[in-house]
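Please load the model in a viewer and keep the sequence panel visible. The tour below proceeds by selection, with a short account at each stop.

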Amino acid sequence: MAHIAVVGAGITGVTTAWSLLGRGHDVTLFDKNRYAAMETSFANGGQLSASNAEVWNHWSNVVKGIKWMMRADAPLKFSLRPSWHTYSWMTEFLANIPNHERNTVATTRMAIAAREHLFAMARDAGIDFDLERRGILHVYADRTGFEHAANVNRLLARGGLMREAVSPADIRALEPALKGEFFGGFYTQGDSTGDIHKFSVGLADAAVKRGAIFVNEAAITRLSRDQGGVAVAFDHRGSAHDARFDAVVICAGTASRALAAQLGDRVNIYPVKGYSITVDLADATSREAAPWMSLLDDDAKIVTSRLGADRFRVAGTAEFAGFNRDIRAERIAPLVKWCERHFPAMRTEHVTPWAGLRPMMPNMMPKVGAGRAPGVYYNTGHGHLGWTLSAATADMIAARINADHAGRTTMGSVAMAAE
């Protein structure tokens, strides 16, 4: 079988490596960090959420974004410094508004397919990642948000997902710890939550045990393709190295755009910063006051996950500020205040803040498929749904590589369902 380089050891990279190993290929996994999943896959919201599959390309989100531009604590924040990348991405984002329904349906189908792939990976690799299969509860403060969600349900249903409408009384019954007044909500029993970092590290370790080579602290300096395969030049702990492979899969998150350019491809990923806090539930009162049900507050654009008995993850916001990774106090404060408002007995004195860059394509769809040159592939650009979609797209790209290697398809640029 083929010897394949996978660039990036976040959630998409490690699931891709695992899927390729399962098909008999030799795999070398590269990452610039010392450990797997140290960037966007480190501390996200934790939701495996087919119910959050609606793509963002909608005029209502554009209007909200304009209204929020002058608020430092707004869920969506723009730093509109002159940048061709930023404005080209936004232009393509707007151009994809007519594809909102089609892409939402396609994303829903991928998210549902990903569930069993991910659970199977965890079983086969023996990974404990604080999985909670209690479903996800979306809550809405007013009729407008609830009715928009009801319209989205039509698209989710076309993709195979059914959400159950719930009343304020139902919300209290589903999650008694949640305080506040809500107009209504929707509950998705099939969704779940888990620790993306624990899963990714566990799967990377299991892949090495199965025969993969993990080259950590390896900065890719050049990628090139010729008739003999793919050449990967990299700096490993201060020493320059070159290696050759039959194929390469780019799973490098926000770095994928620059790597793709070296291979003659345009992959217009933009880094959209998101924030999270992890609340240390250090006392019995806090553990009792924190919810076990995963929540999505649509008005605040906040999601939550319970990660074991003593951790509570709260994540949200989207910030367009290029590759800036600064953790800004004014962006963390709304997350803490939201906790204090809805879970007043839970102590928030021990909170760990984090920020990561979501790799987003303008159409909100992951880039999954072949590049222009033979032997070049992409599984990247999953945006806010990398944890949710990764196991499905890993299976898709591994199946494509398998078919290409067996000579059943013609290599090159091919339109796949996720493109």
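Is Arg 237 buried or exposed? Select this residue in the predicted model: Arg 237 has a relative accessible area of 54%, above the 50% cut-off, and is therefore exposed. The residue sits in the loop that connects strand E11 (229-236) to strand E12 (239-245). Its phi is near 55°, a positive value in a residue that is not glycine. As background, most residues other than glycine have a negative phi.

Move next to Lys 301, in the loop between strand E15 (294-297) and strand E16 (302-306). Here too phi is positive, at about 55°, although Lys 301 is not a glycine. With a relative accessible area of 28%, Lys 301 is partly exposed.

Now select Thr 278, which belongs to strand E14. Its relative accessibility is 13%, so Thr 278 counts as buried. Beyond its sequence neighbours within four places, Thr 278 is in contact with Arg 311, Phe 312, Arg 313, His 350, Val 351 and Thr 352. Pro 353 is 75 residues away along the chain, yet the C-alpha atoms of Thr 278 and Pro 353 are separated by 6.6 Å.

Proceed to helix H3 (84-95). The 12 residues of H3 should span 16 Å at 1.5 Å a residue, and the end C-alpha atoms are 16 Å apart, so the two values agree. Colour His 85, Thr 86, Ser 88, Trp 89, Met 90 and Phe 93, which are buried in H3. Their cover includes helix H2 (59-68), E4, helix H8 (256-262), strand E14 (270-280), strand E17 (311-320) and strand E18 (351-360).

H3 also leads to the second largest pocket, since H3 and strand E4 (76-78) each supply at least two residues of its lining. The volume of this pocket is about 210 Å³. Of its 15 lining residues, Ser 79, Arg 81, Ala 321, Gly 322 and Asn 324 lie nearest the centre. The lining comprises 4 nonpolar, 6 polar and 5 charged residues.

Finally, display the largest nonpolar core, which has 40 residues. Leu 20, Leu 118, Phe 199, Leu 203, Val 249 and Trp 387 touch the most other members. Elements supplying at least two residues each to this core include helix H1 (11-22), helix H4 (100-125), helix H7 (196-209) and helix H11 (386-405). Centre the view on Trp 387: its contacts beyond four places in sequence include Ile 11, Leu 48, Leu 118, Phe 129 and Phe 199. A second, separate core of 27 residues includes Leu 137, Leu 281, Val 314 and Val 336.

Notes. Residues numbered from 1 in each chain as written. Predicted model: local features only at pLDDT ≥ 70, side-chain atom pairs only at ≥ 80, totals over all residues. Heavy atoms only, no water. 1 Å grid on protein atoms, 1.4 Å probe; cavity = no way out; pocket = protein on both sides within 12 Å on 5 of 7 lines; lining within 4 Å. Points joined across faces, edges and corners; volume = space filled by probe spheres on them. Helix = DSSP H or I, 4+ residues; strand = E, 2+ residues; numbered from the N terminus. Nonpolar A, V, L, I, M, F, W, Y, C, P; charged D, E, K, R; others polar. Expected span 1.5 Å × (residues − 1). Buried < 20%, exposed > 50% of the residue type's maximum accessible area, 1.4 Å probe, protein only. Contact = heavy atoms within 4.5 Å. Core = buried A, V, L, I, M, F, W, Y, C linked by side-chain atoms within 4.5 Å.
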